[in-house]
Amino acid sequence: MRSLANTINRQLRILRFERHRFYQGDMELKNAVTNISHDLRTPLTAILPTL
């Protein structure tokens with residue numbers, strides 16, 4: 001029984017760690033897309049009024 005509990009706890013720690021890594025990666029991706037979008041939009045808004 002103790003061995004089963006240890007195995008389950010170990011798997012839960014791994015799952016929590018992987019979920020945390022996924023969340024961090026997802027946030028980094030969203031930030032990168034936001035920054036790229038901003039970098040593209042800023043010059044375009046400066047050009048548009050002159051056209």
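Is Met27 buried, partly exposed or exposed? In this predicted model, Met27 is partly exposed, with 32% of relative accessible area. That value falls in the intermediate class because burial requires under 20% and exposure requires over 50%. A good way to get to know the structure is to begin with the chain as a whole and then to return to individual residues.

The overall picture is quickly drawn. The protein chain contains one helix and zero strands, and this helix 1 covers residues 2–47. Along the principal axes, the C-alpha atoms occupy a box of roughly 75 × 5 × 5 Å. The radius of gyration tells a matching story: the protein chain has 22 Å, whereas a compact globule of 51 residues would have a value near 10 Å. Burial can be stated just as briefly, as buried residues account for 0% of the 51 residues. About 5000 Å² of the protein chain is exposed, and carbon and sulfur atoms supply 64% of that area.

Distances between residues help to give a feeling for the helix. Met27 lies in helix 1, and its C-alpha atom is 35 Å from that of Leu4, with the two positions 23 residues apart in sequence. Thr42 also lies in helix 1. From Thr42 to Leu29 the separation is 13 residues in sequence and 20 Å in space, again C-alpha to C-alpha. Like Met27, which is partly exposed, Thr42 falls in the partly exposed class, with a relative accessible area of 40%.

Leu4 appears once more in a nonpolar patch on the surface. Met1, Leu4, Ile8, Leu12 and Leu15 make up this patch of about 540 Å². One of its members, Ile8, is placed in helix 1 and is partly exposed at 44% relative accessibility. Ile8 therefore passes the patch cut-off of over 30% relative accessible area.

Charged residues add a further layer. The protein chain carries 8 positive and 4 negative charges, and the mean positions of the two groups are 16 Å apart. A patch of positive charge on the surface brings together Arg10, Arg13, Arg16 and Arg19. Among them, Arg13 has its place in helix 1.

Which charged side chains pair up, then? Side chains of opposite charge can pair when their charged atoms come close. In this model the count comes to two salt bridges. One of them joins the side chains of Glu18 and Arg21, with an N to O distance of 3.4 Å. Glu18 and Arg21 both belong to helix 1 and are three residues apart, about one turn of the helix. Glu18 is partly exposed, with a relative accessible area of 38%, and Arg21 is partly exposed too, at 47%.

Lys30 and Asp26 form a salt bridge as well, and their closest N and O atoms are 3.4 Å apart. What separates Lys30 and Asp26 along helix 1? About one helical turn lies between Lys30 and Asp26, because these residues are four residues apart in helix 1. Lys30 is partly exposed, with a relative accessible area of 48%, while Asp26 counts as partly exposed at 26% relative accessibility.

Terms used. Residues numbered from 1 in each chain as written. Predicted model: local features only at pLDDT ≥ 70, side-chain atom pairs only at ≥ 80, totals over all residues. Heavy atoms only, no water. Helix = DSSP H or I, 4+ residues; strand = E, 2+ residues; numbered from the N terminus. Buried < 20%, exposed > 50% of the residue type's maximum accessible area, 1.4 Å probe, protein only. Patch = residues over 30% accessible without salt bridge, like charges linked within 9 Å, V, L, I, M, F, W, Y side chains within 5 Å. Areas by Shrake-Rupley, 256 points an atom, 1.4 Å probe, with all protein chains shown as cover. Salt bridge = Lys/Arg side-chain N within 4 Å of Asp/Glu carboxyl O. Rg over C-alpha atoms; globule rule 2.2 N^0.38 Å. Lys, Arg positive; Asp, Glu negative; His and termini not counted. Charge placed at Lys NZ, Arg CZ, Asp CG, Glu CD.
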